[in-house]
Amino acid sequence: MTQPAPSAQHHGPDLAKPAAPPPRQERGPRALGLRADVRNLSLLGVLAVLVAVGGFTEPDAFLDTGNLQLILTQSSVIGVVTVGMTFVITSGGIDLSVGAMVALASVWATTLATQEYGFAGILFTAVVVGVAAGLVNGLLIAYGGMVPFIATLAMLASARGLALQITDGKTQIVTVQSVLDLGLPDAYVLGIPPLVLVFAAVTVAGWLILNRTTFGRRTVAVGGNAEAARLAGIDVRRQRLYLYLLSGLCCGIAAFMLIILSGSGQNTNGNLYELDAIAAAIIGGTLLSGGRGTIVGSVLGVLVFTTITNIFALNNLQSDVQQIAKGAIIVAAVLVQRRTSRHGET
Amino acid sequence: MAPEPPLLTMSGITKSFPGVRALDGVDLEVQAGEVHCLLGQNGAGKSTLIKVLAGAHQPDGGTITWHGAPVQLSSPITAMRLGIATIYQELDLVENLSVAENIFLGHELTTAGFVVRTRVAEIEASALLARLGHPEIDPGRPVGDLSAAHQQIVSMARALSHEVDLIVMDEPSAALDPDEVANLFRIVDGLAADGVSVIYISHRLEEIRRIGDRVTVLKDGRTVAVGLPAESTPTRDIVALMTGRDVEHVFPPRPASGVPDTAEPVLTVEGLSRKGEFEPVDLELRPGEIVGLAGLVGSGRSEILETVFGARKPTTGRVTVAGRALRPGSVRAAIAAGIGLAPEERKAQALLLTESVTRNVSVSSLSRFARAGWVDRRAERKAARTATRELSLRPDNPDAAVRTLSGGNQQKAVLARWLLRGCRVLLLDEPTRGVDVGARAELYAVIRRLADEGLAVLLVSSEVPEVLGLADRVLVLREGRVVHTADARELDEHRVLDLVMEGSPT
């Protein structure tokens with residue numbers, strides 16, 4: 001930009017640049033980022049409390065290395081799904097079909113025909129099926145003008161149906177040893193299960209994409225104000241398509257992880273993952289209405305839920321109690337967030 | 001005999017929000033049957049004050065006296081029961097419900113407290129609408145089908161469906177055409193004649209002169225003048241009270257040399273039309289020139305701008321930038337060619353309200369700061385800051401949340417977006433809507449300066465003086481047709497109003 005020439009006959013308010021710019025205000029700026037950090041911190045606090053409760057009630061069982069590995073492993077599959085879900089929700093959308101996509105990808109990747117191609121065949125099929133289902137979602141929503149809730153609800157129903165048709169309701173046992181090996185303690189890297197490493201990698205990639213790339217920026221812009229994004233020159237439809245593709249990709253990866261974990265493919269896999277993933281993203285601080293998303297928060301949300309389930313199981317509390325506790329946590333987390341965000345505003 | 005006590009007295013009202021002292025000792029006194037105007041710039045405390053009066057906010061201090069007795073307006077229902085009705089600027093109607101249902105919302109006419117008496121409600125609604133001069137509004141129609149002006153009438157009918165002594169109107173004329181404003185004035189006069197008091201808030205001084213009895217001026221949360229006579233107080237005095245400065249020289253001077261007619265146009269619009277919205281329009285914009293489109297709401301002004309920008313697909317015609325025709329109906333093509341739009345609804349169409357100033361400014365130029373999709377945030381921040389400083393956007397803080405900015409500074413953020421993008425043609429749709437008087441002058445100067453630097457500007461405004469004062473050339477529109485083109489200096493407000501209204505029933 002060129003500096004305007006100060007004109008002598010300039011009668012309007014003085015618009016010349018201030019001679020000395022005011023001191024840089026570095027406080028306000030960080031405040032925006034800081035607020036998200038505080039929210040994550042509070043979730044981290046919840047997690048710490050949970051660990052304390054677990055360590056107190058069942059000191060031996062809970063803090064056992066094997067149990068901690070179990071918590072992380074159990075978090076990994078739903079965690080990868082939640083990262084994809086976080087992107088979709090940040091863009092103002094929703095993906096109800098994640099659980100069904102995981103099921104479909106896991107059974108398609110474990111048919112006898114696919115297993116003949118070994119490790120690569122299973123991995124490839126799981127990912128491609130996930131991406132393909134995401135593509136259908138994305139096309140229906142971005143170019144077909146369907147409401148995400150409806151389009152992915154339809155995908156939920158039909159993908160589950162297709163998964164049932166493929167398996168005929170039977171569990172498909174995996175016989176490819178190299179896949180099964182990844183779930184065994186021998187494959188652990190420094191005591192960390194490979195699935196957890198995948199989860200960590202997906203988390204880091206998701207964080208970088210959301211916070212450091214044009215793709216992430218556009219996702220937030222579309223979620224914050226789709227019309228403004230369009231008038232600012234963002235290809236909103238293409239962005240939406242990519243987002244559902246991304247969610248499908250995450251489901252494909254999660255399906256492969258689930259195959260490793262269970263040594264099988266079942267049409268009942270990923271049951272209610274959509275609700276768990278949405279709940280984890282929301283308690284993490286991602287706005288259901290779009291425009292704000294946090295990968296770190298989502299991951300913490302997943303860990304909180306898995307840890308609760310684990311503690312309850314160790315204390316022999318039934319799943320009904322677990323479900324009630326989960327519901328209470330969602331309500332509490334959202335209430336706390338409402339309070340903090342209102343404080344943040346002037 | 002002692003004189004009648006005033007209907008309403010508010011004194012020493014204070015109200016703080018975290019970090020802001022919104023009201024810092026406000027006094028207001030309203031007589032029965034009076035039209036009392038409340039003036040002040042954005043942020044002066046008008047909205048907070050009327051929310052206190054509506055029972056939506058609780059004051060921290062001060063007293064409110066109603067009919068001579070102290071009262072506490074502890075909730076909106078309390079205020080309503082006392083006879084205080086408020087018509088907010090953002091209408092609070094339920095679009096899917098009918099006119100009658102909206103009017104009696106919350107106090108439905110029922111049988112046995114349960115069954116809604118639709119027919120009776122519609123008859124009563126009709127009577128209220130007739131009293132407001134609009135018997136033609138069908139009480140059975142969904143409110144969403146009505147025009148903005150008619151929706152406002154429904155809002156007023158709702159206020160009158162209660163027993164009211166005082167109606168507060170927050171910028172009721174903002175979305176109205178001149179003839180609708182005339183009807184609004186008739187209604188306000190009628191209310192006053194019936195003994196109902198009106199608190200009337202408007203940015204438009206000439207309106208206040210026409211219907212107001214007395215004026216109270218707020219500045220920075222304080223009352224700076226009480227009960228000025230609306231008719232006889234000079235405009236200059238009122239503006240000085242509101243802004244602490246003089247109103248003269250609001251518009252920056254046009255460049256002495258003018259734009260040579262021979263200069264190559266940067267934007268050419270040929271035969272552009274959209275069925276049902278506007279008829280074929282031709283116009284040329286040269287670098288350094290500001291062209292204004294004047295016309296009523298609904299005359300096709302905004303539609304023309306949005307079609308040039310590609311946000312609407314034209315039925316016929318084409319748009320050419322520097323000799324190259326644009327793909328019709330493509331925003332991205334328009335932006336790539338160097339067109340930028342500051343749309344009419346800033347919050348809904350331009351701003352990413354949850355984001356910082358930097359991100360709002362850089363959103364259209366992101367790829368410039370990215371390598372392989374990776375954003376260089378330092379370069380982005382620096383460039384955005386250069387653009388916002390060029391426009392003296394305040395606060396000078398690239399990380400401030402854009403929603404905390406004033407209207408004028410939000411508009412600057414939108415302009416900075418296009419400056420950063422390096423655009424050659426700027427389309428401005430109502431650039432000063434929601435921008436207060438002082439900040440307007442600054443925006444005018446910014447727009448003129450950008451033109452002086454070589455930008456071509458196409459300006460739409462419903463305020464005729466704004467178009468005449470800022471533009472070099474003016475196109476007058478009526479019902480989707482250009483009816484007159486002239487140098488802005490050859491036109492005056494009356495001539496333009498004649499042109500835009502000509503032939504329309506009055």
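Biologist: What order do the 6 strands of the open sheet in chain B take, and in what sense do they pair?

Modeller: In this predicted model, the order is S6-S9-S10-S3-S11-S12 in chain B, with mixed pairing. A strand here is a DSSP run of E of at least two residues, a helix is a run of H or I of at least four, and both are numbered from the N terminus. The edges are strand S6 (84-87) and strand S12 (222-229) of chain B, each of which pairs on one side only. Neighbouring strands are turned by 15° against each other on average, direction ignored.

Biologist: How do you know that S6(B) and strand S9 (residues 166-170) of chain B pair?

Modeller: Two strands pair if DSSP finds at least two bridges between them. S6(B) and S9(B) share 4 bridges in the parallel sense, and they therefore count as a pair. Ile84(B) stands opposite Leu166(B) in S9(B). Helix H5 (residues 148-160) of chain B packs on this sheet, touching S6 and S9 of chain B, and its direction makes about 170° with that of S6(B). Helix H6 (residues 178-193) of chain B lies across strand S3 (35-39), S9 and strand S10 (197-201) of chain B, at about 145° to S10(B).

Biologist: On what conventions do these statements rest?

Modeller: Residues are numbered from 1 along each chain as its sequence is written, while chains are lettered from A and ligands numbered from 1 in the order in which they are written. Local features need a pLDDT of at least 70 and side-chain atom pairs count only at pLDDT 80 or more, whereas totals for chains, interfaces and linings use all residues, and side-chain values use heavy atoms, with hydrogens and water left out.

Biologist: What makes the other sheet of chain B, with the order S18-S21-S22-S15-S23-S24, an open one?

Modeller: This sheet of 6 strands has mixed pairing, and it ends in edge strands S18 (339-342) and S24 (481-487) of chain B, each pairing on one side only. S18(B) and strand S21 (residues 425-429) of chain B run parallel, joined by 4 bridges, and Ile339(B) has Val425(B) as its bridge partner in S21(B). H14(B) lies across S18 and S21 of chain B, at about 170° to S18(B).

Biologist: In chain A, how do you know that helix H4 (residues 98-108) and helix H6 (residues 118-143) pack, and what is the handedness of their crossing?

Modeller: Their axes are 8 Å apart, at an angle of about 145°; axes are lines fitted to C-alpha atoms, for helices over the stretch in contact, and angles run from 0 to 180 degrees between N-to-C directions. The crossing is right-handed, a term used if the near helix is turned clockwise from the far one, and left-handed if anticlockwise, by less than a right angle. Contact means heavy atoms within 4.5 Å, and the residues making it include Met101(A) and Trp108(A) of H4(A) and Gly130(A) and Asn137(A) of H6(A).

Biologist: Which classes do the residues of that contact fall into?

Modeller: They divide into 7 nonpolar, 4 polar and no charged. Ala, Val, Leu, Ile, Met, Phe, Trp, Tyr, Cys and Pro count as nonpolar, Asp, Glu, Lys and Arg as charged, and the others as polar, so Gly is placed among the polar residues. In the contact of H3(A) with H14(A), the division is 10 nonpolar, 10 polar and no charged.

Biologist: How does the reach of H6(A) stand against the expected span?

Modeller: The expected span is 1.5 Å times one less than the number of residues. H6(A) has 26 residues and reaches 37 Å between its first and last C-alpha, close to the 38 Å expected. Gly145(A), which follows H6(A), has a positive phi near 70°.

Biologist: What makes Ala322(B) and the bond from Arg394(B) to Pro395(B) notable?

Modeller: Most residues other than glycine have a negative phi, and most peptide bonds are trans. Ala322(B) has a positive phi of about 50° although it is not a glycine, whereas the bond from Arg394(B) to Pro395(B) is cis, with omega near 0°.

Biologist: Where in chain A does pLDDT stay under 50, and why does that call for caution?

Modeller: pLDDT is the predictor's confidence in each residue, from 0 to 100. In chain A it stays under 50 over residues 1-34 and over residues 342-346, although the chain averages 86. Where pLDDT is low, the predicted coordinates should not be read in detail.
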